[in-house]
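Hi everyone, thanks for making time for this. I'd like to walk you through a structure that may be new to you, one contact region after another.

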There are 8 protein chains.
Amino acid sequence: MSAPKVAVIMGSVSDADVADKAIEVLEEFEVSYEVGIKSAHRTPNEMLTYAEGLADRGVQIVIALAGGSAHLPGMVASSTSVPVLAVPVRRSQRGHGDEAMKSSIAMPPGIPLAVFGDNAADRAALFAVRVLGLKDDDLNKRYQQSQQEMADAVVAQDQSVAELGWKEFRNN
Amino acid sequence: MSAPKVAVIMGSVSDADVADKAIEVLEEFEVSYEVGIKSAHRTPNEMLTYAEGLADRGVQIVIALAGGSAHLPGMVASSTSVPVLAVPVRRSQRGHGDEAMKSSIAMPPGIPLAVFGDNAADRAALFAVRVLGLKDDDLNKRYQQSQQEMADAVVAQDQSVAELGWKEFRNN
Amino acid sequence: MSAPKVAVIMGSVSDADVADKAIEVLEEFEVSYEVGIKSAHRTPNEMLTYAEGLADRGVQIVIALAGGSAHLPGMVASSTSVPVLAVPVRRSQRGHGDEAMKSSIAMPPGIPLAVFGDNAADRAALFAVRVLGLKDDDLNKRYQQSQQEMADAVVAQDQSVAELGWKEFRNN
Amino acid sequence: MSAPKVAVIMGSVSDADVADKAIEVLEEFEVSYEVGIKSAHRTPNEMLTYAEGLADRGVQIVIALAGGSAHLPGMVASSTSVPVLAVPVRRSQRGHGDEAMKSSIAMPPGIPLAVFGDNAADRAALFAVRVLGLKDDDLNKRYQQSQQEMADAVVAQDQSVAELGWKEFRNN
Amino acid sequence: MSAPKVAVIMGSVSDADVADKAIEVLEEFEVSYEVGIKSAHRTPNEMLTYAEGLADRGVQIVIALAGGSAHLPGMVASSTSVPVLAVPVRRSQRGHGDEAMKSSIAMPPGIPLAVFGDNAADRAALFAVRVLGLKDDDLNKRYQQSQQEMADAVVAQDQSVAELGWKEFRNN
Amino acid sequence: MSAPKVAVIMGSVSDADVADKAIEVLEEFEVSYEVGIKSAHRTPNEMLTYAEGLADRGVQIVIALAGGSAHLPGMVASSTSVPVLAVPVRRSQRGHGDEAMKSSIAMPPGIPLAVFGDNAADRAALFAVRVLGLKDDDLNKRYQQSQQEMADAVVAQDQSVAELGWKEFRNN
Amino acid sequence: MSAPKVAVIMGSVSDADVADKAIEVLEEFEVSYEVGIKSAHRTPNEMLTYAEGLADRGVQIVIALAGGSAHLPGMVASSTSVPVLAVPVRRSQRGHGDEAMKSSIAMPPGIPLAVFGDNAADRAALFAVRVLGLKDDDLNKRYQQSQQEMADAVVAQDQSVAELGWKEFRNN
Amino acid sequence: MSAPKVAVIMGSVSDADVADKAIEVLEEFEVSYEVGIKSAHRTPNEMLTYAEGLADRGVQIVIALAGGSAHLPGMVASSTSVPVLAVPVRRSQRGHGDEAMKSSIAMPPGIPLAVFGDNAADRAALFAVRVLGLKDDDLNKRYQQSQQEMADAVVAQDQSVAELGWKEFRNN
C-alpha cells in the first residue's frame, strides 16, 4: 500500500476544526492524506520518531498545525527532509494572539519552514496541491480549472453590479 | 533549452543582497535558477505577463522578495499555478517594520502563498530544495547530507565544551 | 454619456457594507459614481485593464476598499494617473487586524496612495467631495454648509448641557 | 497675484528635511507652492486663522507634516474645505514611533484626512500632482510621462540581468 | 458666583459614560465642576475660545476626554495655563485601539499634558482631588480617609480568607 | 505547626478564578498552601511585612497573581529570598492587554522573578511541584506519573484516529 | 526650614540624565525641589517610608522616574496623598521598550497616577509648574510669559520663511 | 562524582555572551554547573536524550537560552521533571524582536516553563540560587547578604545626593 501524499498533523484535537479546512481541500482535489495527533510537548519522542519516518514512507508534504508556542511545525521540519507547511492556530478563547505565528516565522538559518496565515489550513492545502501538481499533470489541470472558476465568479458578480446597478444588486 | 527550476524575483535591485542569500543556497545544491526584476507597482503588466508564463516554461517554484507593502509575491501567486515562496524584506534604513510580513501572510482564501521570515531568502531556497528533492533522489540525498553536517557541527561544539570546559572553550 | 466622477471598487462583495458608507455620502452630495468588483488576486487581468482605462473614461477619483493583504488599492494606483483613495477593511470575524492598513500605507516611492482609517469609506468619500469641489463651486458650497451643520449640532449640545445641567441632560 | 496651488506646512522647522521631499517633487512638476510653519500646540490661533483663509485665497491642496501627537493635519482639515494630506513624521532620534500615524489615521467621522506613509512627503506631493492634473492636461501628461519613465527603468534593469546574468550584473 | 473648580470636557456625547466616572468621584468629594461638549474637529474656534478663558474664570483643573485621534486634550493644554488631564477613550464598537493614548502621550516639548489610563476618568478625578487638596485641608483629609477605607477593605478580605480558609471564603 | 509549602497571593479577589487554577493543581499533588490577599497599591505596608516574613515562616515558594500594572509579584520578590512565580492576569472585561506581562518581565538586574503565561496559574503551580519535588521523592514520582499520563492520552487519541480514520474519529 | 515644593525621585542613578530635564525646568522657574534615589526593588522599605512622609513634610508634588517594570511611581502614589507624576524611562541600550509606560498607565482603580511621555521629565516639570501656579500668581505669570515666548518664536520663523522664501530660509 | 547543580544550555554558541551572564552569577555564589550546546532544530535527538537524562544524573535546575523561535527551553521542559528556566535571547543584529519571548511564554497547559526577561540570564541564575537555597542554608545566607548589599548601595547613593546636593553629586 502506498503512503498518502500529505500528512496533516496537529498537537491537540482542540485544533481539529482548523485541520478540517485542510482536509476539505485535499478531498476536493482527491489527494490522499493521513491525519496524526503528535504533541511536541506531551509526546516529544513519538513526534520525532514519526517525523524521522516520513521520507522513507513516501509522504510528500506535511501540514502541521499548532497554536500557542507552536513547537510542532518547527520540530518536525527539523527531523525530516520533506517540505513542511506551518499553520499557526489562533484560539480566541485562550486569549492567544500572534505567538504561534511568531514562533513559526522566526526559525533559525538552515531549517526551512513555510508559514501560512493564522488558521489558514485551506491555503496550506492549496499550496500542497500546487507542489504535488508539479509531478501530476491531471491534478495541476484540475487546480488551474479551480483558479479559473474563482475568477469567473468575481467577473460574474462585477457584471451583475454593472447590469443591475449597485442598489438593485444589494437588494437581491 | 530547458527552463531553470527556480525563479528568484524581486521588485527592486535594492533587495539584491537578500536575493543573494537564496542564490548562494541554489548554487550550493546545483539547482538551476533565473533572476528577474519585476515591480508590482512600476511594471504591473510586465509582472503579470511574466507570472502567467511561468508554468508553461516549466519553472517549478518561485521565490519572490518584496519589502514595504510587498504586493509582488501575492500578485505572482495570483497569476500562476506554480508554488510561490514569499520572502518579506525588512529594510532598517527605510524605517520599515513588519508591513511586508503582514501583507504576505494575510492573503485571501483561495490564493496560497508560503511565507518565510524577514529576509530569510536562504530558508526559502532550502525549502525549494526540499520540494525539488521530491522528484530528484540525488538532490534529496545531498540535502539530507547537509542536514547531517549541521547536526555534526553542533555535536562537535558540544563535545568541545565538555572536553575543554566552558572558560577554556570561550578563550579559544 | 459622461463617465461618473467617482469609482468605488472592492475586491469582494463581503466588503459591501463598507462600500455603502461611501455611497451614502456620494448620494447625499449628488456626486455621480460607479461601483465595481475587481479582485487583485482572483481577477488580476480584469483589475489592471479596468485601472488602465479609468483616466480615458474621465473618472476623476477612485475609492478602493480592501481587507487582509489589501493589494487592490496599491495595484490600481500603480496602473492609473487618477488619484486613488485606499480604505483598509478590518473584518473582525476573520481575525484580521492591521494588515490592510499596513499594506496600504507602506507603498514604495513613486506610487502615491492616500489612506483613510479602517472601514472609513465615508471619510474617503468626503475627501472626494473636497477634491471635486475644487472644480465645482456649487458642490463646494454644499460641502461647506454641511461642515457648518456639524459645528452647529455640537454647539447646540453644549448649550443644552449648560442650560439643563449635566444630570438633567443625561436623563433626557 | 494668484495664490500658490499647494501649501506645505509643518509644526516645527525640525521637520524641514521631510518637507524638502515634497518641495523637490513640486518643483520637478513646476507646481506653485508656499511653505508655512504653523504649530498646533504653540500657535493654535495663528494655525486656525491660516487654515480658515486657505479656500478664499485659492489654495487647492494642503500637505501638512507633523510628528509625535501630530495634531496639525487634523486641526487644519477641521478648519477648511480644501483637501488636506497628512504626512506623519517619524523621528528616530526622539524615540517616537507610530504615534503620528495613529493620530492622523483615527480622525472622527465627518473630517476627511488623507494619510501617507511615515515621512513620505514625496508621495503626498505626487498625489497632489494627480489631483491638480484633473484640471491641468499638461501637468497630467507630464505626470504620466514620469510614470512611464519609472517603468522603463525597471524593465531596463530586468533586461540587463537577463543579458548579463545575475553575477555579472551584481559586479557592475 | 465663583467658577467651578474642575471642568470636565469631551468632544462628543458618545463619551458621556466615561465622563460619568469622573463626575461620580467629584460629587463623592463635593468638588464643584462644569461639563462642556467641545469638539476639536467640529468646533475648533469654540474650543479654543473656551480654553483661553479657563484661567480667568478661575477654573483650577481640566479633565479632557477624547477617543480616536484625540486632539481635544492637547489643543486645550496648548491654549491655557491651567493643568489639563487627558483621559483617552477606547471605544470597542468603533474598532479603535490605542490611538487616543498614543496621541495624548506624544505631545511635543513645552506642552505638559498629564495622561491617565484608557477610560480611567475616575482616576483622573481622584488626581484632581489630590491637586485641589493641596489648598484645601478638609478635602485632603476626606481623601486620606478614603485611602484608609480602601486599605481596610483589603485587609478585611485577607483576614476573612485566613479565618474561613480559601474554599469556604470562595463559597460565600 | 509547620508552614505551608506554597503561598498563593493576589492583589484583589477579582483574580480568584485564576488563583483557583493554581490551587486545583496544588491539591491534586497534595502540596500544602496558604492564600493571601495582599494589594501592592492599597495595602503596601501589609504586603511588605508579609513578604519579609515568608522565609522565616518556612514558605518555600510564592505564586503571585496580578493584572494591570501588576506590581505585586515584583514587590514581593524584592522583599524576600524565597523564589517568586509571577502570573500576569489578563482581564478582558477591563480592556487590559499585555501590561501585566510586560510589567513582570522587565524587572531590573538583581531581582529574579519567574514569569508564566497570562492567567497560567496552573503552570506556575506545576513548576512549584517540580521545585518541591527536588526535595521530595514521593512528590517527584507522582509528578512524573502525571507526565506519563498526559503522554498516554495523546498517544491514545492518535491511535484512535489511525484506527477509526479522521472522519469517523470526528463524528464520535 | 520649609520643605521643597517638588520631589524628583528615581530608582537608579542611571536615570540621572532624564532627571536633569526636570531639574532644568524647575530651576528656570525658580521652584524649590529635592532629589532622591529610592529603589522600589532594592530599598522597598526606605521608599515606602519616604513616600509616607511626603505630605507631612509639605512636599506639594512628586516627579517619579522609572524604567523597565517601573514600580516606583505607582508604589509612591499608593503611599501618599500628594499628586504623583510618572515619567517612564526608555533606555535604548537595555533593549527596553514600552514596559515602563504600560506599567505606569495601567494602575488599578483608586490609585491616581499622572503619566507623561517616555523620558519627558521636562513636560512633567512644566505640569508641576502649572499646578504650583494655581497658588502662586507670580509663578503663573512667569509661566504664561514662557508660553507666549514659545509662540513668538514660531511666528518669527514663519515670517522668516515668508520673507526669505523657503530655499533662502533653508540655506541660512 | 556528583552532578553539577545547574545546567546552562544554549542552542548555538552565538548565545555565549548571554550564557556568560548566568555563569558569572553561578560562580559568584559558588554553585556547580555544566554547560551544553544542544540545538532543538539541528540536533533534536541529542537534545531529547540529554533532557531525559537530567533528573537521573541529579541536575537540580536548567537554564535554557534560545532566540528566534526558541524551541529549546520548551522542548527540554517537555522531556524532564527538573525545573526549567527560559531566557529568551534578543539579537538586534538579526532583526529579531519578541519572538523568543512569545514562544516561551505561550506554552500549553501541563508543561511548566519559567520565563525571564530578554537576555536576563543573570536573573535566571539568581532565581536558581533562590531555589537551591531552599536546601542549602549557607547559600541562602550568602544570597540574603547580597540582597542587603544591593540595598546598602542605593541608600548610600541617596545619602550622597542629600549631603552633596544634586549638582555636586552629578559633577562627581
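Let me start with a term we need right away: a polar contact is a pair of N or O atoms within 3.5 Å, where, within protein, one atom must be able to donate a hydrogen and the other to accept it, and residues adjacent in sequence count only if both atoms are side-chain atoms. Please also keep in mind that this is a predicted model.

With that term in hand, let's look inside chain A. The domain assignment splits chain A into domain 1, residues 6-132, and domain 2, residues 139-172. How many residue pairs are in polar contact between domain 1 of chain A and domain 2 of chain A? The count is two, both at pLDDT 80 or more. Salt bridges across that domain interface come to zero. On the side of domain 1 of chain A that touches domain 2 of chain A, five residues are nonpolar, two are charged and none is polar.

How far apart do the C-alpha centres of these two domains of chain A lie? The answer is 32 Å. Where domain 1 of chain A and domain 2 of chain A meet, seven residues of domain 1 are in contact with five of domain 2. Together the two domains of chain A bury about 560 Å², with 66% of that on carbon and sulfur atoms. On the domain 1 side, F29(A), V129(A) and R130(A) account for 72% of the buried area, more than any other three residues.

Now to the chains themselves, beginning with chain D and chain C. Each side brings 36 residues to this contact. The buried area is about 3000 Å², and carbon and sulfur atoms give 61% of it. Between chain D and chain C there are zero salt bridges, but 19 residue pairs are in polar contact, both residues at pLDDT 80 or more. Several elements of chain D supply at least two residues each to this side, including β4 (84-89), α4 (99-105) and α6 (137-164). Which element of chain D gives the most? That would be α5(D), with six residues. By class, the chain D side has 24 nonpolar, eight polar and four charged residues.

Next comes the pairing of chain C with chain E. Here 11 residues of chain C are in contact with 17 residues of chain E, and the buried area is about 1200 Å², 62% of it from carbon and sulfur atoms. In chain C, the residues that lose the most area to chain E are V154(C), D158(C) and W166(C), together 44% of what that side buries. This time the salt bridge count is four. One of them joins R170(C) to D20(E), with the closest N and O atoms 2.6 Å apart. There are also six residue pairs in polar contact, both at pLDDT 80 or more. The largest share of the chain C side, seven residues, comes from α6(C).

Some chains do not meet. Chain A and chain E have no contact, and their closest C-alpha atoms lie 15 Å apart. Chain C and chain G do not touch either, with nearest C-alpha atoms 20 Å apart.

Let me finish with aromatic rings. Over all chains, a search finds 28 aromatic pairs. Take F29(E) and Y143(E): their ring centres are 6.1 Å apart and their planes are at 50 degrees, so the pair is tilted. F29(E) lies in the loop between α1 and β2 of chain E, and Y143(E) in helix α6 of chain E, so the pair ties together parts that are 114 residues apart in sequence.

Note on methods: Residues numbered from 1 in each chain as written. Chains lettered and ligands numbered in written order. Predicted model: local features only at pLDDT ≥ 70, side-chain atom pairs only at ≥ 80, totals over all residues. Heavy atoms only, no water. Contact = heavy atoms within 4.5 Å. Domains from an automatic or database assignment. Buried area = accessible area lost by both parts, 1.4 Å probe. Salt bridge = Lys/Arg side-chain N within 4 Å of Asp/Glu carboxyl O. Nonpolar A, V, L, I, M, F, W, Y, C, P; charged D, E, K, R; others polar. Helix = DSSP H or I, 4+ residues; strand = E, 2+ residues; numbered from the N terminus. Phe/Tyr/Trp six-rings, centres within 6.5 Å; stacked < 30°, edge-to-face > 60°.
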